[in-house]
Amino acid sequence: MPSPTLSSLILHPSDLTAQTVIRLPLPIVEGNRDYREREALLRRMDEILVMSGVEAEFMEQEVHQERERLEKGNVPLTDRQRAGIQEYAKQTLRCTIARILSNESHRSFTTHLAESSLLQWFCGITNRGVIRVPSKSTLQRMASEVPTEIIEQLHRLLLTRSAAVDADGASVLGLAESVDLSLIWMDSTCAKLDIHYPADWILLRDATRTIMRAIAVIRKHGLIHRMPAPETFIAAMNQQTMAMSGASRRGRGGDKKRARKRVLRVMKRIVRKVQRHGRRYRDMLVKCWAETDLSRAQAQRIIDRVDGILQALPAAVKQAHERIIGERVVPNVDKKLSLYEPHAQVYVRGKAGAD
């Protein structure tokens with residue numbers, strides 16, 4: 001049964017109000033600018049949740065769902081149950097928002113919540129002699145038990161209220177200017193790719209691993225051509241990558257450069273053999289895939305994977321040769337940073353520790 005829209009709910013009069021709890025004021029903290037900024041942010045979030053009606057709508061939805069469930073068994077919803085549902089719904093919404101703003105895991109946030117009177121105030125956690133905060137499992141359940149449809153409806157409600165103005169033309173949310181919903185703002189910031197540091201010789205290792213693992217899969221499914229075991233090529237390349245790392249850390253000047261060039265030449269010989277075996281097995285799979293127990297789609301997936309590496313590998317070898325043996329600079333626009341993310345580009349953002 002689909003969840004009802006917030007505008008279509010028929011609510012009981014007692015559902016429209018929630019018990020207000022008188023709480024002690026927050027402690028005054030001086031000398032910490034970061035704390036003051038965090039306090040101002042949470043106070044503003046509190047105002048938006050209350051003034052927009054998002055929090056009230058969310059609590060009403062939870063009460064409505066529980067009332068419908070009880071009515072099926074002809075059981076009335078008591079005032080105490082309603083107050084408990086509203087309190088839990090408020091904590092669910094606010095704890096989820098606060099955890100996202102804190103950018104913490106469920107485990108670390110529950111500890112932070114137990115220590116911080118500011119977070120306890122925002123999340124609606126009362127101090128009745130004993131402070132009871134949600135556990136990490138409860139926080140995770142809070143974040144997952146709210147239906148996506150309700151979140152979308154609350155989001156639309158917040159956007160609508162952000163554009164609304166009162167009789168004097170002021171924003172009902174207290175914004176400096178009401179939001180113009182006819183404008184579309186886009187975040188065009190480039191995202192950091194989930195790839196290892198793009199050293200040139202690492203690309204040769206990646207190519208060797210991918211092609212040899214594809215060959216191992218083909219051989220496992222019945223197509224075998226005479227060649228050394230694929231694992232020996234991976235082991236040989238791993239040995240050279242460790243030698244390259246050692247050459248980069250040890251030695252001085254000319255000795256270091258000569259060692260790196262010597263290792264790269266060995267890598268290039270391994271890669272040439274890997275290319276020949278990869279192309280041979282790729283062609284054999286194209287012609288004889290029906291003799292294996294692979295489906296056509298599975299065989300094509302392996303072929304496409306090998307084709308992608310074989311097409312990109314010459315450029316990777318040339319780039320490594322130019323930079324390590326030729327000692328020439330390769331422009332950023334011409335660099336190949338990943339064999340698996342061909343769109344990867346270098347962007348200098350000017351941030352410390354984040355090239």
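**Exercise 1. Find out how many salt bridges the structure holds, then look at the one between Glu55 and Arg94.**

Step 1: The structure holds 15 salt bridges, each being a side-chain nitrogen of Lys or Arg within 4 Å of a carboxyl oxygen of Asp or Glu. Keep in mind that this is a predicted model, where local features need pLDDT of at least 70, side-chain atom pairs count only at pLDDT 80 or more, and totals for chains, interfaces and linings use all residues. Residues are numbered from 1 along each chain as its sequence is written, and side-chain values use heavy atoms, leaving out hydrogens and water.

Step 2: Now zoom in on Glu55 and Arg94, whose closest N and O atoms are 2.3 Å apart. This pair links distant parts of the chain: Glu55 sits in helix 2 (residues 54-72) and Arg94 in helix 3 (residues 79-102), 39 residues apart. Helices here are DSSP runs (H or I, at least four residues), numbered from the N terminus.

Step 3: Check the surroundings. Glu55 and Arg94 are both buried; buried means under 20% relative accessible area, exposed over 50%, and partly exposed in between (1.4 Å probe, protein chains only).

**Exercise 2. Work out how Arg82 and Asp79 are placed, and whether each is buried or exposed.**

Step 1: Their side chains meet in a salt bridge, 3.9 Å from N to O.

Step 2: Count along the chain. Arg82 and Asp79 are three residues apart in helix 3, so about one helical turn separates them.

Step 3: Compare with the cut-offs. Arg82 has 12% relative accessibility, so Arg82 is buried, while Asp79 is exposed at 53%.

**Exercise 3. Explain why Cys95 and Cys123 don't form a disulfide.**

Step 1: Search the whole structure, and you get zero disulfides, a disulfide being a pair of cysteine sulfur atoms within 2.5 Å.

Step 2: The closest cysteine sulfur to that of Cys95 belongs to Cys123, 3.7 Å away, so the two are too far apart for a bond.

Step 3: While you're there, note that Cys95 is buried, with a relative accessible area of 2%.

**Exercise 4. Decide what to make of residues 1-16.**

Step 1: Start with the chain as a whole. Its pLDDT (the predictor's confidence in each residue, from 0 to 100) averages 82, and 87% of the residues score at least 70.

Step 2: Over residues 1-16, pLDDT stays under 50, and the model has 28 contacts for them beyond four places in sequence. A contact means heavy atoms within 4.5 Å.

Step 3: Where pLDDT is low, the predicted coordinates should not be read in detail.

Definitions and conventions. Helix = DSSP H or I, 4+ residues; strand = E, 2+ residues; numbered from the N terminus.
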